[in-house]
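User: Could you walk me through this model, one question at a time? I would like to know what the values rest on as we go.

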Amino acid sequence: MALLQLSEPGQSAAPHQHKLAAGIDLGTTNSLVASVRSAEAETLPDAEGRHRLPSVVRYLEDGVVVGHAAKAEAVSDPLNTIVSAKRLLGRGVEDIKSLGERLPYEFRQDHTAVPRIHTVGGDVTPVEVSAEILKTLTQQAEQTLGGELTGVVITVPAYFDDAQRQATKDAAKLAGLNVLRLLNEPTAAAVAYGLDSGSDGIHAIYDLGGGTFDISILRLNRGVFEVLSTGGDSALGGDDFDQVVAEWIMQQAGIQDDAGHAMLRRLMRDACAAKEALTESETAEIKLELDDGSHWDGSLSRETFNQLVEPLIRKTLGPCRRALRDAGLGADEIEDVVMVGGSTRVLRVREMVGEFFGAEPLTSIDPDRVVAVGAAIQADVLAGNKPDGEMLLLDVNPLSLGIETMGGLVEKIIPRNTTIPVARAQEFTTFKDGQTALAVHVLQGEREMVSDCRSLARFELRGIPPMVAGAAHIRVTFSVDADGLLHVEAEEKSSGVKTGIEVKPSYGLTDNEIEGMLRDSIDYAQKDLEARRLREEQVEAERVIEALQSALNSDGDRLLNAEERQQVETQLARLVEIARADDHIQIKREIEALEKVCEFYVERRMNASVTQAMSGHSVEEFE
Ligand code: ADP
Ligand code: MG
């Protein structure tokens, strides 16, 4: 019989107390916080009524400024004002170099692989910068809601890898937040539109922000979301729209390329204002202040603007096509297209995307806020405010995960685009007699060779009982949790020896790299296959050579006469020679030839070992 539950003295036993929870869209350009209040999810404003917080943090000698005030000084104090920290989250020093020289910061590197940005307020990491943004959003939410948050859901791009997700969680921890879950941005947008309670179907989420473009294809299957594929361009967004408008103004106003910094700053500001005005009106008036204090007056029509930005919009359709292909779908199979990100306010974007997918895009929820709104709905459920509304959201891992096997080959354990959470196991065995330890090298990527994939972590399984090569059964289990974080465990089954690690790589991948790795895996598929075959034969040759050498050492003198030994050793030397070359067919042939030459020797060894095993025993024992 179940016991009745009693609460502690002085504590409320109210069963329906609403827990304060929030959804946070930690964006590259802007961040937002939202919460469910009286059954409505809405973004929460700051004291001045502004909902969007610029993701900008400025470090002073004696303090930190976050948001609008920091953004205002981004141009005058670029070294101490950190913008787009999200691009650096979970990345190593090497990754950041590949992000280009556009970053104005002074990077420092200590003993860890985490880059630090030097500011007048001290050296800071991207995790710390993100934590400042999260702290500000939390204060904003707690002031509006009038209480402490019990938990938050933070959104991340669907393609974020392990390191980037872990870094986001670390930032939340640093900000003192309880993370209920990391949620993929496109999934959050779909939840905001209530697509999860609709009928099963496939949806595209088109997210064009300030500096990034992401496309995700989701499938709703009995109330469960799966991310079928993702794609995008990490260097394409509203900033590029500003750029083409600015170039147009320069041309019209006869401004030279070598105009000063202040001039260019005014130009970009006016270009952005004109762009945003054109979503409401047919023409935008521009009044640009020139260096001599006079003004250039002009007007930009929506038609001209459309012509200027069309090539940029078209550039987003390539990744859309690829994402469809990855998901194995045609554009006509997409039911809804959800528009996310400030740049999808541009009418021409909506038109071209609608044409591409052959569906009217969903735009009724503010594209700036839709991700935060969806995260808030999910946070409300996870905080336990809807006891019967448990929602399971599935995502995919963006790149295959595997381990290194003999010969520098990668054995994939969880292929890319597998829905998560997921756990997969595979059995491996030892390579040498008496091997008592096993090195597990965890890799991410699509290629066949270790050197072409990304190393995530290494660990060792020790204490394997000594056995002959191939006798041990080592089960390696990969599990990826709902936040997309990887845990690897290895266990030797006969002894139960076990070891595992939480994979926390010190660096991550850029999404360009992810794209590049995917492209390479297609381009190199044939070459990789050849390389794989070669390595496999080389490993086999090594095994044969080693076994034969150790046999010759132990009983070669006893079982072979000089001539026979000469014959075996000649063939052995041939194999050693051939195994170094790069013809796998030839190696296979030499292995077979060696096995043939050794047949009589193997037979003698077997007889000898039987004789040896029987000596000292009576014959009856073996019957
Ligand atoms: P992110 O996800 O990168 O943080 P946002 O979704 O906040 O970015 O989008 C910011 C971009 O949206 C900026 O380039 C901004 O100029 C653009 N934007 C905002 N409002 C409009 C508008 N009315 N028309 C066109 N672009 C807009
Ligand atoms: Mg965004």
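Here are some questions and answers on this model.

User: Happy to start with the basics: what kind of model is this, and how are residues numbered?

Analyst: This is a predicted model, in which local features need pLDDT of at least 70 and side-chain atom pairs count only at pLDDT 80 or more, while totals for chains, interfaces and linings use all residues. Side-chain values use heavy atoms, with hydrogens and water left out, chains are lettered from A and ligands numbered from 1 in the order written, and residues are numbered along each chain, as its sequence is written, from 1.

User: How many helices and strands are there, and what percentage of the residues count as buried?

Analyst: The protein has 15 helices and 28 strands; these are DSSP runs numbered from the N terminus, H or I of at least four residues for helices and E of at least two for strands. Buried means under 20% relative accessible area, exposed over 50%, and partly exposed in between, with a 1.4 Å probe and protein chains only. Of the 623 residues, the share that counts as buried is 49%.

User: Which element gives the most to the shell around ligand 1?

Analyst: A residue counts as near the ligand if one of its heavy atoms lies within 4 Å of it, and 18 residues surround ligand 1, the closest being Thr29, Asn30, Lys275, Glu276 and Gly342. By type, the shell divides into 2 nonpolar, 11 polar and 5 charged residues; here Ala, Val, Leu, Ile, Met, Phe, Trp, Tyr, Cys and Pro count as nonpolar, Asp, Glu, Lys and Arg as charged, and the others, Gly among them, as polar. With 3 residues, the element that gives the most is H7.

User: Which polar atoms lie by ligand 1, and what percentage of its accessible area does the protein cover?

Analyst: Polar contacts are pairs of N or O atoms within 3.5 Å; within protein, one must be able to donate a hydrogen and the other to accept it, and residues adjacent in sequence count only if both atoms are side-chain atoms. Oxygen atoms of ligand 1 lie 2.9 Å from a polar side-chain atom of Asn30 and 2.9 Å from a polar backbone atom of Gly342. A nitrogen atom of the ligand is 3.0 Å from a polar side-chain atom of Arg345. Ligand 1 has 580 Å² of accessible area on its own (Shrake-Rupley method, 1.4 Å probe; for residues, only the protein chains shown count as cover), and the protein covers 89%.

User: Which helix gives the most to the largest nonpolar core?

Analyst: A nonpolar core is a set of buried Ala, Val, Leu, Ile, Met, Phe, Trp, Tyr and Cys residues joined through side-chain atoms within 4.5 Å. The largest one has 48 residues, and Tyr206, Ile217, Phe241, Ile249, Val337, Val349 and Phe357 touch the most other members. With 9 residues, the helix that gives the most to this core is H8, residues 302-327.

User: What do the buried residues of H9 pack against?

Analyst: In helix H9 (residues 347-357), the buried residues are Arg348, Val349, Met352, Val353, Gly354, Phe356 and Phe357. Just after H9, Gly358 takes a positive phi of about 60°. The buried residues pack against strand E13 (201-208), strand E14 (213-221), H6, H8 and strand E18 (336-340).

User: Why does Val476 count as buried?

Analyst: Val476 lies in strand E26, residues 474-480. Leaving aside neighbours within four places in sequence, Val476 is in contact (heavy atoms within 4.5 Å) with residues including Ile403, Ile413, Phe428 and Val488. Val476 counts as buried because its relative accessible area is 0%.

User: Is Ser400 buried or exposed?

Analyst: Ser400 sits in the loop between strand E19 (395-396) and strand E20 (401-405). Among its contacts beyond four places in sequence are Lys412, Ile414, Leu443 and Glu446. Its relative accessibility is 2%, so Ser400 is buried.

User: And is Ser38 buried or exposed?

Analyst: Ser38 lies in the loop between strand E2 (30-37) and strand E3 (40-43), and its phi is near 40°, a positive value in a residue other than glycine. Its relative accessibility is 74%, so Ser38 is exposed.
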